[in-house]
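Subject: A structure for you to explore

Hello! Here is the structure I promised to pass on to you. Have a look around it first, and then read my notes below.

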Amino acid sequence: MKLKPQNTYRHLCNFAATDTSRPILQAIHFTPDGHIEATNSHILLRLLNRIDSRVDPLPDLALHPKGLKEFEGSYPETNRLFPANFTTNWYLSRETAADVAKYLKSLDKESTIQLSISTDGMVVSGKGSEASFPLHGLSGDQMTTAFKCKYLICVMAFIADCSPMPVQFRALSPIRPMVFKIDGLFEGLIAPVRTK
């Protein structure tokens with residue numbers, strides 16, 4: 001499977017909001033630290049150290065992804081969204097992420113799917129459908145949580161196209177955001193859906 005880093009911009013657009021209720025979330029955000037990020041408040045993708053911040057102080061810039069027009073206002077502070085402690089940690093290969101994305105695309109995009117992590121692997125289940133996928137290096141607690149299908153597709157599709165090595169996933173609890181990352185390359189979040 002060949003990496004497709006040329007799709008990175010498309011993936012950033014997939015993580016940005018499409019509705020107009022919070023226009024600033026439609027932006028791709030360029031941070032003074034040299035990171036590029038996008039979020040719709042359900043998923044977040046941050047590409048790390050993409051702009052050389054040693055040359056000049058970088059502006060805090062939020063651009064509309066289609067017209068590249070600058071947004072007025074401040075992009076929300078996203079650092080505080082990342083949990084500091086985790087009880088479950090595992091790795092997922094980009095090939096497995098591609099298989100998960102393919103499976104999820106067969107389900108209703110607006111549906112809620114369940115994700116179960118255990119020593120046996122990862123089980124993804126939707127209405128009347130279930131599939132198992134291998135994990136690498138699971139440590140910590142077993143966990144079951146739920147996500148909106150369309151958001152998990154965005155995460156898995158990004159990993160399948162742009163991750164040169166297995167991606168670390170970390171979770172604190174079924175009701176806290178799940179983190180995915182490769183140190184020095186990218187980090188992101190996906191917020192769970194409450195089912196009760």
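**A buried threonine**

Let us start with Thr88, which counts as buried because its relative accessibility is 1%, and buried means under 20%. Please keep in mind as you read that this is a predicted model. Thr88 sits in strand S5, which covers residues 88–92. What lies 2.8 Å from a polar atom of the side chain of Thr88? The backbone oxygen of Asp141 does. Leaving out residues up to four places away in sequence, Thr88 touches Ile117, Leu138, Ser139, Gly140, Asp141, Met143, Phe169, Arg170 and Ala171.

Now go to Phe86, in the loop between strand S4 (61–63) and S5. Is Phe86 buried, exposed or partly exposed? Phe86 counts as partly exposed, because its relative accessibility is 21% and the cut-off for buried is under 20%. With the same sequence neighbours left out, Phe86 touches Arg170, Ala171, Leu172 and Val179. You can also try a distance here: from C-alpha to C-alpha, Phe86 and Gly184 are 19 Å apart in space, with their positions 98 residues apart in sequence.

**A covered helix and the cores**

Next, find helix H2, residues 94–104. Eight of the eleven residues of H2 are buried, so this helix is mostly covered. The buried ones are Arg94, Thr96, Ala97, Ala98, Val100, Ala101, Tyr103 and Leu104. What do they pack against? Their partners are S5, strand S6 (112–118), strand S7 (121–126), strand S8 (129–133) and H3.

One of these buried residues, Leu104, also turns up in the largest nonpolar core, which has 45 residues. Leu104 is among the members that touch the most other members, together with Phe15, Met122, Val124, Phe158, Phe169 and Phe180. Helix H3 gives the largest share of this core, ten residues. Apart from it there is another core, made of seven residues, including Ala17, Ile24, Ala27 and Tyr75.

Met122 is a good place to look at contacts one by one. Residues up to four places away in sequence aside, Met122 touches Leu92, Val100, Leu115, Ser116, Ile117, Ala131, Ser132, Phe133 and Leu135. Gly126, in strand S7, touches Tyr103, Leu107 and Ile113 when the same limit is applied. Gly126 and Ile113 are 13 residues apart along the chain, while their C-alpha atoms are separated by 4.8 Å.

**A pocket and a cavity**

How many residues line the largest pocket? There are 17, and those nearest its centre are Asn14, Thr18, Asn40, Lys150 and Tyr151. The volume of this pocket is about 310 Å³. Helix H3 (residues 149–162) supplies the largest share of the lining, four residues. By type, the lining of the pocket has six nonpolar, six polar and five charged residues.

As for cavities, a search of the whole structure turns up one of 30 Å³ or more. The largest cavity holds about 30 Å³ of space. Around it are Met143, Thr145, Phe147, Ala171, Ser173, Pro174, Arg176 and Met178. You have met two of these names already, since Met143 and Ala171 are among the residues that Thr88 touches. Strand S10 (residues 143–148) makes the largest contribution to the cavity lining, three residues. The lining of the cavity divides into five nonpolar residues, two polar and one charged.

**Two backbone angles to look up**

Most residues other than glycine have a negative phi. Which phi values do Asn49 and Leu68 have? For Asn49, phi is positive, near 55 degrees, and for Leu68 it is also positive, about 50 degrees. Asn49 lies in the loop between strand S3 (43–47) and S4, whereas Leu68 lies in the loop between S4 and S5. Both count as exposed because the cut-off is over 50%: the relative accessible area of Asn49 is 52%, and the relative accessibility of Leu68 is 54%.

Have fun exploring, and write back with any questions!

Notes
Residues are numbered from 1 along each chain as its sequence is written. This is a predicted model: local features need pLDDT of at least 70, side-chain atom pairs count only at pLDDT 80 or more; totals for chains, interfaces and linings use all residues. Side-chain values use heavy atoms; hydrogens and water are left out. On a 1 Å grid over the protein atoms alone, a cavity is a set of points where a 1.4 Å probe fits but cannot get out, and a pocket is an open set with protein on both sides within 12 Å along at least five of seven lines; lining residues have an atom within 4 Å of a point. Grid points are joined across faces, edges and corners, and a volume is the space filled by probe spheres set on the points. Helices (H or I, at least four residues) and strands (E, at least two) are DSSP runs, numbered from the N terminus. Ala, Val, Leu, Ile, Met, Phe, Trp, Tyr, Cys and Pro count as nonpolar, Asp, Glu, Lys and Arg as charged, and the others, Gly among them, as polar. Buried means under 20% relative accessible area, exposed over 50%, partly exposed in between (1.4 Å probe, protein chains only). A polar contact is a pair of N or O atoms within 3.5 Å; within protein, one must be able to donate a hydrogen and the other to accept it, and residues adjacent in sequence count only if both atoms are side-chain atoms. Contact means heavy atoms within 4.5 Å. A nonpolar core is a set of buried Ala, Val, Leu, Ile, Met, Phe, Trp, Tyr and Cys residues joined through side-chain atoms within 4.5 Å.
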